[in-house]
Amino acid sequence: MNIDDIRAIATLQQLAPIPNDAPSCHDLAVEAILARKEVGLQNYGRPLQAHNGRNQLAEKLQEQIDQLVYTIADIQEREALLRRMEKLEAIADLVKDMIREAEMDKLPPGPVDLFVDVRWFRDLQSAIAAAEEGRC
């Protein structure tokens with residue numbers, strides 16, 4: 001991810017939301033707030049209140065910076081996972097093609113099973129190596 005990717009995401013125009021059966025994000029946010037309140041009560045013995053002697057602006061800024069950093073890390077991890085999935089799909093396609101070739105009797109019948117097995121194994125090894133190197 002680079003600065004252009006971040007700018008693209010930050011300025012992305014979106015369509016109206018599609019109705020579905022997922023739970024309300026507002027309800028989930030309320031549950032999360034109540035859970036955080038409970039953590040605060042356990043850690044500090046009282047809820048967060050104004051005029052508590054702490055710099056709320058500094059607290060908020062630090063939390064927002066942490067949130068941004070965690071979001072960028074999450075995006076990078078998801079992109080890496082997507083790349084790995086694409087590589088695995090390419091390997092699966094190669095294996096499917098090899099099976100189709102065998103089913104179409106493109107290979108000579110008889111005592112060539114060992115040759116076929118070795119060839120398939122080598123082709124599969126090559127495909128895996130290519131995927132790991134990012135060539136597919």
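How far apart should the ends of the 20-residue helix H2 be at 1.5 Å a residue, and what is the distance between its end C-alpha atoms? The expected span is 28 Å, and the end C-alpha atoms of H2 (residues 25–44) are 28 Å apart, so the two agree. Bear in mind that this is a predicted model. The protein chain has four helices and zero strands, and its pattern along the sequence reads α-α-α-α.

**The chain as a whole**
- Just 5% of the 136 residues in the protein chain count as buried.
- Take the contacts in the protein chain with a separation of 6 or more: 54% of them are between residues 24 or more positions apart.

**The two ends of H2**
- At the N-terminal end, Ser24 acts as the cap of H2, with a side-chain oxygen 3.1 Å from the backbone nitrogen of His26.
- After H2 comes Gly45, and its phi is positive, near 80 degrees.

**The loop after H2**
- His51 sits in the loop between H2 and H3.
- Here's a backbone angle to look at: His51 isn't a glycine, yet its phi is positive, about 60 degrees.
- Most residues other than glycine have a negative phi.
- Is the His51 side of things buried or exposed? His51 has a relative accessible area of 83%, and exposed means over 50%, so His51 counts as exposed.

**The largest pocket**
- Its volume comes to about 720 Å³.
- The lining of the largest pocket is made up of 17 residues, and Arg36, Gly40, Tyr44, Leu48 and Glu59 are the ones nearest the centre.
- Which helix gives the largest share of that lining? That's H2, with seven residues.
- Helix H3 (56–103) joins in too: H2 and H3 each supply at least two residues of the lining.
- Sorted by class, the lining of the largest pocket has seven charged, five polar and five nonpolar residues.

**Ala90 in H3**
- Ala90 belongs to helix H3.
- With a relative accessibility of 27%, Ala90 falls between the 20% limit for buried and the 50% limit for exposed, so it counts as partly exposed.
- Ala90 and Ile128 are 38 residues apart along the chain, and their C-alpha atoms are separated by 9.1 Å.

Methods
Residues are numbered from 1 along each chain as its sequence is written. This is a predicted model: local features need pLDDT of at least 70, side-chain atom pairs count only at pLDDT 80 or more; totals for chains, interfaces and linings use all residues. Side-chain values use heavy atoms; hydrogens and water are left out. The expected span of a helix is 1.5 Å times one less than its number of residues. A polar contact is a pair of N or O atoms within 3.5 Å; within protein, one must be able to donate a hydrogen and the other to accept it, and residues adjacent in sequence count only if both atoms are side-chain atoms. On a 1 Å grid over the protein atoms alone, a cavity is a set of points where a 1.4 Å probe fits but cannot get out, and a pocket is an open set with protein on both sides within 12 Å along at least five of seven lines; lining residues have an atom within 4 Å of a point. Grid points are joined across faces, edges and corners, and a volume is the space filled by probe spheres set on the points. Ala, Val, Leu, Ile, Met, Phe, Trp, Tyr, Cys and Pro count as nonpolar, Asp, Glu, Lys and Arg as charged, and the others, Gly among them, as polar. Buried means under 20% relative accessible area, exposed over 50%, partly exposed in between (1.4 Å probe, protein chains only). Contact means heavy atoms within 4.5 Å.
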